[in-house]
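Student: I would like a close look at a single part of this model, taken slowly and in connection with what surrounds it. Could you choose one part and walk me through it?

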Amino acid sequence: MQTHTAESVPVRLHSLTYGETKTYLFAALFIAGNILLPQLCHLAPLGGVRWLPIYFFTLVGAYKYGWRAGLLTALASPVANALLFGMPAAAALPAIVLKSVLLAGAAGYAAARFRRESLALLAAVVLFYQAAGTLGEWALTGSFHAAVQDFRIGLPGMLLQIFGGWAFINFIIRK
């Protein structure tokens with residue numbers, strides 16, 4: 001009997017291509033999740049900047065189904081939210097899309113490279129996209145204060161991505 005710890009759990013990871021219908025189906029589901037979760041989080045004060053919900057399903061999608069599904073989710077989610085709800089604001093879209101794309105690439109790379117899922121790998125993915133995204137946001141906005149907002153306020157969201165993403169991958173979409 002094989003037992004699994006929270007540190008390293010073998011799961012079935014996929015690397016879908018753009019030629020597969022499943023890629024677009026899963027991306028559509030994750031985009032829907034990235035539309036609904038931010039709406040729930042925005043019910044609380046500073047819910048968006050604290051919980052960083054626009055990134056959650058991008059991480060899950062890219063890690064579980066590959067960078068292509070993640071990239072579709074990363075590009076469409078922020079734009080759809082901005083068009084439907086005016087959030088994120090148009091001025092914030094370039095930085096959020098940048099971070100989303102970095103997240104999709106890092107998660108897809110980590111899953112393909114290591115062929116396993118662990119809390120440590122998810123933490124590394126989140127730290128990478130946030131650090132690189134912060135530098136990119138600083139370059140885009142010229143404001144260091146705005147660029148480090150996710151590190152100042154969004155730590156609960158980063159933890160949600162790591163632990164919630166791990167749980168979602170392992171218990172919700174295990175197959």
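Tutor: A nonpolar core is a set of buried Ala, Val, Leu, Ile, Met, Phe, Trp, Tyr and Cys residues joined through side-chain atoms within 4.5 Å, where buried means under 20% relative accessible area. The structure is a predicted model, and its chain averages a pLDDT of 93, with 94% of the residues scoring at least 70. One stretch calls for caution, since pLDDT stays under 50 over residues 1-5, for which the model has 5 contacts beyond four places in sequence. Where pLDDT is low, the predicted coordinates should not be read in detail.

The part to examine is helix 3, which spans residues 56-65. Helix 3 is mostly covered, with 10 of its 10 residues buried, and the list includes Lys64 and Thr58 as well as Phe56, Phe57 and Gly61. Those buried residues pack against helix 1, helix 4, helix 5, helix 6 and helix 9. Just beyond the end of helix 3, Gly66 takes a positive phi of about 100°.

The largest nonpolar core of the model has 38 residues, and those with the most contacts inside it are Phe30, Tyr55, Leu59, Val60, Tyr63, Tyr65 and Val125. At least two residues of this core come from each of helix 1 (21-41), helix 3, helix 4 (67-85), helix 5, helix 6 and helix 9 (155-172). Among the residues with the most contacts, Val125 shows how helix 3 is engaged: leaving aside neighbours within four places in sequence, Val125 is in contact with Leu59 and Tyr63, and also with Leu103, Ala106, Ala107 and Ala110.

Within helix 3, Ala62 deserves a separate look. Its relative accessible area is 0%, so Ala62 is buried. Not counting residues up to four places away in sequence, Ala62 touches Trp67, Gly70, Ala104, Ala107 and Gly108. The C-alpha atom of Ala62 is separated by 8.7 Å from that of Tyr109, a residue 47 places away along the chain.

Helix 1, one of the packing partners of helix 3, holds Ala27. Because its relative accessibility is 3%, Ala27 counts as buried, and beyond its neighbours within four places in sequence it is in contact with Ala69, Leu72 and Thr73. The C-alpha atoms of Ala27 and Pro38, 11 residues apart along the chain, are separated by 17 Å.

Helix 5 and helix 6, which the buried residues of helix 3 also pack against, contribute to the largest pocket, where helix 2 (47-51), helix 5 (93-114), helix 6 (119-141), helix 7 (144-147) and helix 8 (149-153) each supply at least two residues of the lining. Helix 5 gives the most to that lining, with 4 residues. The pocket holds about 540 Å³ of space, and of its 25 lining residues Val49, Pro88, Ala92, Ile96 and Gln149 lie nearest its centre. By character the lining divides into 17 nonpolar, 5 polar and 3 charged residues.

A last residue, Thr134, is found in helix 6. Since its relative accessibility is 7%, Thr134 counts as buried, and, residues up to four places away in sequence aside, Thr134 touches Lys99, Ala147, Val148 and Phe151.

Conventions. Residues numbered from 1 in each chain as written. Predicted model: local features only at pLDDT ≥ 70, side-chain atom pairs only at ≥ 80, totals over all residues. Heavy atoms only, no water. pLDDT = per-residue confidence, 0-100. Contact = heavy atoms within 4.5 Å. 1 Å grid on protein atoms, 1.4 Å probe; cavity = no way out; pocket = protein on both sides within 12 Å on 5 of 7 lines; lining within 4 Å. Points joined across faces, edges and corners; volume = space filled by probe spheres on them. Nonpolar A, V, L, I, M, F, W, Y, C, P; charged D, E, K, R; others polar. Buried < 20%, exposed > 50% of the residue type's maximum accessible area, 1.4 Å probe, protein only.
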